[in-house]
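Work through the exercises below with the sequence and the model side by side, and try each task before reading its solution.

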Amino acid sequence: MEKFITKENLNRLAAELAATCRVLAPVADCGTVTFRRFQPGMVMDLHSRMAAVSPKAATFPQTETLLVVKREIPEKKPEIIETLPEGKNVVIGCRPCGARGKLIFDPVYETDKIKDPYYLQRRKNTVFISLACDRPETTCFCHSVGSGPADPSGSDVLLTLVGEGYVARSVTPEGEEIMKMALFADAGDKGKEADAKNAKAREMMGEAHDYASAPAKLLARFDDMDFWLAQSAKCISCGACTYMCPTCYCFNITDDDLGLSSQRIRTWDNCMSHTFTLEGSGHNPRSTKAHRLKNRVGHKFSYYPDLHKGVIACCGCGRCIKQCPAGVDIRQIVNAAQEYAE
Amino acid sequence: MSQLDDLKTAIKSRLGDLECVIGWEQGYDPLHATPLFIRSEADLDRLIIGPLAVHNLATYLTGWKGKKVGVVVKGCDSKSVIELLNEKLINRDDVVIFGLCCDGVVSQRKIRAALPADPGFVESVEIGADSLKVTVAGQAATLRLDDVRADKCRVCDTPDALVSDFLIGKAHTPAPAPSLKCQDEFEAKSDAEKFAFWQETMGRCIRCYACRNACPMCVCRDYCIATSRDPLWVSQENLPSENMMFQMIHVSHLAGRCTECGECERACPVDIPLMLLRRYMNKQVRDVFQHEAGKALDQTPPLLTFKVEEERINERGW
Ligand code: SF4
Ligand code: SF4
Ligand code: SF4
Ligand code: SF4
């Protein structure tokens, strides 16, 4: 299905959907742009910059309550309440790379043996209305990881800016359902303009880098700590890269005491943190930032692709590059491994 | 010879005895620098200095403890080195300090706000004596350095490195502004307004700890009480209250040790104005203890020592 929606109507769409769903949309936030829960009266900011943090919280919130243990008086048996996420979510205005993040989650959170009910429930109940990119940033490399600035995979509706509105194309039946709303008008022949814009954006990205040799080449450097010490020298081992990343899916589980009651929460975790692999004995197999950065890069460009049909666990959004306080560039590290002369 | 040439000559003269010298090079685009670890003369060719060299490289020094390294520091960064020395977190014999007389650095956030399009679309940058010519998304813009200077540079009274083995550049007569407008305006707010501000702002903190790890004085890092599991001091739940709790921990652990280098705020990926808290805390420390961290060698931070009777704390008066 192809339709057209004006800028004003897209904002109206967000407001209308917010009546029945949890809508996440990019809004201007003190000089940056973040995804916030959209409330009628708010104005989306789709164009000034890519949201600082990816929209992964829609399907994988930073804090998820897994269960609550309630006990009113010490003598009483505690009551255990499971808290599966309820309701529908809509993400509006994410970029194709942000929407694609969950495609990396899927094979991990749903296997023959293990199914994560929390993730799967949100996944089923979340619709992504993405905006194709007009122009790549210096840190974008989606075209090198099997995607592109107008990649529909991962989205339910893909918008392309044409004049004062967007050409909307449905990708899934859920997307088509939303596009039946009266705010969408006939696209006329604007589809052609959208095609031209999509093609131009792809052209501006230039030639793609070939990561085909990356899995083997990174594995070849696995025991080369000198290589990783040099690559990680400027890294400060914080969690900025992983927390902003649409594809980083690791979590921690904590039982939080609330007096007689407690809650079991799942929170984002990150492989750059010391506690990530800290064992009960006190031993830490990844005791330095060099070990940790090796894992972060290796997992995305080597171990994950080896396990999952060659798919690279990175969407090329560039957040970890541009928002790293030290300017660590994941592309450079993979290149260095690929170009390493034995 | 230019300041950069002088610096390169100085580094070359010592590179042989050192594991590496930490400086800056151009980063992933022409608008951003990134730390450079110089191990050979070939690496030295990539060295840059100037308004884009924002990182406080003193942050890396504790990570090299026990090895001999060199570090290039601006005036403000040199205060971090002094504080690390004063707290015996690094050894003076292990560091060769290449001090700069600094003309100030930019705030990438101010550049972002001043450009006609997102800096992600930068095509070229020309650095002039008092301006930056930036082309973004096909549009050229000339920014006055004065307009995009980092806040700390506006109030800087130590542009020339306070401790160094080589001091490079022409000495300055500092002319700091008496205070920062953003700070004054914030402090003039009522408690209720401040509370509402942090409630809202801390809602966007992702607890990535970039602020902590970028801080040269936050030396616990891997053993920070905010991430210890046993005991569990701070909930991992991402709530404004818990996020603010972590900031309170950072601020109070830095009382009398913070040199106002601004790295915490610069590192924050979601632009939280963390310096509002640090500057306020530092003002209290100045008022009560008449102490400024990193201003002189051989002083002890007030909270790392003990006086039976503090001059400005009237302990028995109430
Ligand atoms: S790569 Fe950058 S963002 Fe990631 S841990 Fe290292 S310093 Fe932090
Ligand atoms: S690894 Fe970096 S570039 Fe790749 S998806 Fe994650 S944040 Fe984006
Ligand atoms: S750097 Fe910013 S987002 Fe990260 S923990 Fe600190 S205040 Fe929060
Ligand atoms: S708290 Fe912030 S300003 Fe103070 S020393 Fe640490 S990084 Fe610098």
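The residues of the shell around ligand 3 divide into 11 nonpolar, one polar and one charged, where Ala, Val, Leu, Ile, Met, Phe, Trp, Tyr, Cys and Pro count as nonpolar, Asp, Glu, Lys and Arg as charged, and the others, Gly among them, as polar. This is a predicted model, in which local features need pLDDT of at least 70 and side-chain atom pairs count only at pLDDT 80 or more, while totals for chains, interfaces and linings use all residues. Residues are numbered from 1 along each chain as its sequence is written, chains are lettered from A and ligands numbered from 1 in the order in which they are written, and side-chain values use heavy atoms, with hydrogens and water left out.

**Exercise 1.** Find the residues that surround ligand 3, and then those around ligand 2.

Solution. Begin with ligand 3, which 13 residues surround, a residue being near a molecule if one of its heavy atoms lies within 4 Å of it. The closest are B:Cys205, B:Cys208, B:Tyr209, B:Cys211 and B:Cys268. Then turn to ligand 2, whose surrounding residues include A:Cys245, A:Cys314, A:Cys315, A:Cys317 and A:Cys320, together with A:Arg296 and A:Lys300. By class, the shell around ligand 2 has seven nonpolar, two polar and two charged residues.

**Exercise 2.** Describe the backbone at B:Tyr209 and at B:Pro231.

Solution. As background, most residues other than glycine have a negative phi, and most peptide bonds are trans. B:Tyr209, which is not a glycine, has a positive phi of about 65 degrees, and its place is in the loop between helix H8 (191–201) and H9 of chain B; helices here are DSSP runs (H or I, at least four residues), numbered from the N terminus. The peptide bond from B:Asp230 to B:Pro231 is cis, with omega near 5 degrees, and B:Pro231 is found in the loop between helix H9 (210–214) and helix H10 (240–253) of chain B.

**Exercise 3.** Determine how H9(A) and H11(A) pack, and which residues make the contact.

Solution. The first step is the geometry: H9(A) and helix H11 (residues 330–339) of chain A pack at an angle of about 80 degrees, with their axes 11 Å apart, the axes being lines fitted to C-alpha atoms over the stretch in contact and the angles running from 0 to 180 degrees between N-to-C directions. H9(A) is therefore roughly perpendicular to H11(A), given that angles under 35 degrees count as roughly parallel, over 145 as roughly antiparallel, 65 to 115 as roughly perpendicular and the rest as oblique. The second step is the contact, meaning heavy atoms within 4.5 Å: A:Leu293, A:Arg296, A:Val297, A:Lys300 and A:Phe301 of H9(A) meet A:Ile330, A:Ile333 and A:Val334 of H11(A). These residues divide into six nonpolar, no polar and two charged.

**Exercise 4.** Carry out the description for H7(A) and H11(A).

Solution. The axes of helix H7 (residues 225–232) of chain A and H11(A) come within 11 Å and cross at roughly 155 degrees, so H7(A) and H11(A) are roughly antiparallel to each other. In the contact, A:Phe227, A:Trp228 and A:Gln231 of H7(A) face A:Ile333, A:Ala336 and A:Ala337 of H11(A), and by class there are five nonpolar, one polar and no charged residues.

Notes
Helices (H or I, at least four residues) and strands (E, at least two) are DSSP runs, numbered from the N terminus.
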